[in-house]
Structure formats: C-alpha cells, structure tokens
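Me: I have some questions about the terms used for this protein. Please give me the value, the cut-off and the conclusion.

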Amino acid sequence: MARIDAGSDQFVILPIQMPPCPSFPETAVHEIRLRRNAPKIATANDSRTLFLKNIPADSTEQHFRAVFTQLVGAGRFEGISFEDEGSATHSLDPAQTVKINTIAKKRKRDDVELEEEEKERQAIQLPEIWTRKLLRSSSTAVVLLADEKSVQLVLKAISKANKTKKYPVWEDESSRGVSPLGVPWISSHLRDSRVDKAAARRSVHAFFNAFNRKEKEAIELAKRLRNEPDEDGFVTVTRGGRTAPASKYEAEEAKRRMVEKDSKKKSEMTDFYRFQLRARRKDEQAALMKRFQQDREKVNAMKEKRGKFRPEA
C-alpha cells in the first residue's frame, strides 16, 4: 500500500470492511477513492469537503456517518451529497415545453412567496413507491465536514487505517434504522405501488394547475417581448401564430432593452421639474449645516478638554 500524504490532493484509498450477508457469507473489503474536493466553480465550503468515488451502491448518509465516526469520532461529519441527488424527473416550466426561450432575471422573493412555492412543490409530488434508493455503480459523492481541521484528521486516520489494517466497518442496515434491501425491499415496493387513487389524483391536478399558471405567465411574457420596439422604434410584425421571439438571443436582447428603457426613463425624470431642484438644493443645504454644527461641537469639546490656550512669550 502506498504512503498517503495528508496534504496531497491526489486520490487516496479508503478501505471499507464489508460484513458477511446471506447472499455472500464472507467478509470483503471495498475500496473508496477519496481526495480533497476541488470543483470547477469554487464555493465557500471547499476547504472542508472531500470528494469520494467508487462508493457502494447501497450507500446512505447513515452509512457514511458511521464510517467517519469510526475514523475521527462523532461531531466531525455534517452531511453528504450523492451524485444522483437533485435530478428532477418533472419540469414545471412551460417555457421549456413550448420552446419559449426566455430568461427571467433572478430576484429576491419574500417569505410568503417561498412558502407558497414549497407548498406547491409538495402538492405535486407523487407518492413514493421505493422505500430506499440505490446508486449506480461507481457513483461519486461529496462529504461535508465540520471544518478544515476535520479534513486533515480524516486523511491522517485513513493513513493510519491502511498501516494497521484496521478498516472501518460498513454497518448493517438494522443497526442504523435504514430500510433493508433484498426481499423486504421488493415486498414494500409491490405494496407501495398500489397507490391511493385519491392521493394520486390530487397530485396530478396540482401539477397541471401549476403548469397552466406558469404557461399563462410565459405566454404573457412572450407577448410583451414581441411588442417591444427595437432601437429605432420599429415593431416587427409577423404572420402566423408565433408567440415569442424567434430565438433565445432576441428574447435576451428584448429583455435587456426593456430594462434599459425603464432605467433611462427614471433617470430622465430626476430633477426635471423646478420643485425637484429646489428640494434637492434644500436637502444639500441642510446636510451642510448639519456637518458644520457637528464640526463646531467637536472644536468646542477639544477646547474644553485642553483648557485655555496660552501662547509662549
């Protein structure tokens, strides 16, 4: 086994001891490749994350929490993000479905809108029919630790485990409260596949209600962009049923012109009327008087602190 450098960014080997099971009644060793995480787009947590590959297909967060607890003790492991997580199976964006290529600017939303969006997302979710998801072979994951010191401790613990041949054990599902695999897993899947018709109907109705609402918003946005004049003030008139600009570039340009036009209009209206000029001058004069009064108070305070000034003879 090659020596492992705790400060290196190269992959190191983390052997995991697999206990015997009914399908394979012998102890085996599974090798996970591990290194410091270095994504293409840097984030604030890169210094305390580790990149793993060739993880077992039945991996869960509870498994890796137990593994890292055996390596460096409790409290160092915060979470893990698997490769297959975050992939959406359904899209609620009608702009992609009807090929309306428009890009809306990201904007901040208040808590009420975020709460409504979360309720809508939960309403459209269909009932789960698998009690536990499996990963594809040779999947990857990113582990988040408490701090950068925890990363160094993990790498040193792996080096020590390779020297002493005392590898962390991949614990059994029953000891961590994870749903089992095998026959119980298939049986639960067959049972959950017979979903309640009323629950499925509610999810489908909620999905199409949200889809129709977003489709209506996309059509209204497309009409606005279509009627937006160009730099010379002309509006392109086309025949047929096209409800959006011909390309993504035209949509982006139209959106940019709308924003520039609104901002230019607002700037032109500033100090346009005489009362606006008087108000601005009055505010500037009040600010000057305020600063003058503050300076006078500072000078008086300095005089009182130093006492009467006596010039030398």
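Me: Which residue just after helix 4 takes a positive phi?

Reply: Lys165 does, at about 65°. Keep in mind that this model is predicted.

Me: What makes residues 148-164 a helix here, and how does the span of helix 4 fit the expected value?

Reply: A helix needs at least four residues in a DSSP run. Helix 4 has 17 residues, so it qualifies. From first C-alpha to last, helix 4 reaches 25 Å. At 1.5 Å a residue, 24 Å is expected, and the two values are close.

Me: Which residues of helix 4 are buried?

Reply: Among them are Val151, Val154, Leu155 and Ile158. In an α-helix, residues three or four places apart point the same way, because there are 3.6 residues a turn.

Me: What do the buried residues of helix 4 pack against?

Reply: They pack against strand 1, strand 2, strand 3, strand 5 and helix 1.

Me: Why is Thr49 called buried?

Reply: Buried means under 20% relative accessible area. Thr49 has 7%, so Thr49 is buried.

Me: Where is Thr49 found, and which residues is Thr49 in contact with, leaving aside neighbours within four places in sequence?

Reply: Thr49 sits in strand 3. With those neighbours left aside, its contacts are Arg36, Asn37, Val142, Val143, Leu144 and Val151. Val151 is also one of the buried residues of helix 4.

Me: What makes the approach of the Thr49 side chain to the backbone oxygen of Asn45 a polar contact?

Reply: The pair must be N or O atoms within 3.5 Å, with one able to donate a hydrogen and the other to accept it. The Thr49 side chain reaches the Asn45 oxygen at 3.4 Å, so the distance passes. The backbone oxygen of Asp46 lies 3.0 Å from a polar atom of the Thr49 side chain, so that distance passes too.

Me: How do you know that strand 2 and strand 3 pair?

Reply: Pairing takes at least two bridges. Strand 2 (residues 28-36) and strand 3 (residues 49-55) have four, so they pair, in the antiparallel sense. Leu34 stands opposite Leu52 in strand 3.

Me: In what order do the five strands form the open sheet, and what makes strand 1 and strand 4 edge strands?

Reply: The order is 1-2-3-5-4, with antiparallel pairing. Strand 1 (12-18) and strand 4 (77-82) each pair on one side only, and they are the edge strands.

Me: Which helix packs on the sheet and touches strand 1, strand 2, strand 3, strand 4 and strand 5?

Reply: Helix 1 (residues 61-72) does. Its direction makes about 140° with that of strand 4.

Key:
Residues are numbered from 1 along each chain as its sequence is written. This is a predicted model: local features need pLDDT of at least 70, side-chain atom pairs count only at pLDDT 80 or more; totals for chains, interfaces and linings use all residues. Side-chain values use heavy atoms; hydrogens and water are left out. Helices (H or I, at least four residues) and strands (E, at least two) are DSSP runs, numbered from the N terminus. Contact means heavy atoms within 4.5 Å. Axes are lines fitted to C-alpha atoms, for helices over the stretch in contact, and angles run from 0 to 180 degrees between N-to-C directions. The expected span of a helix is 1.5 Å times one less than its number of residues. Buried means under 20% relative accessible area, exposed over 50%, partly exposed in between (1.4 Å probe, protein chains only).
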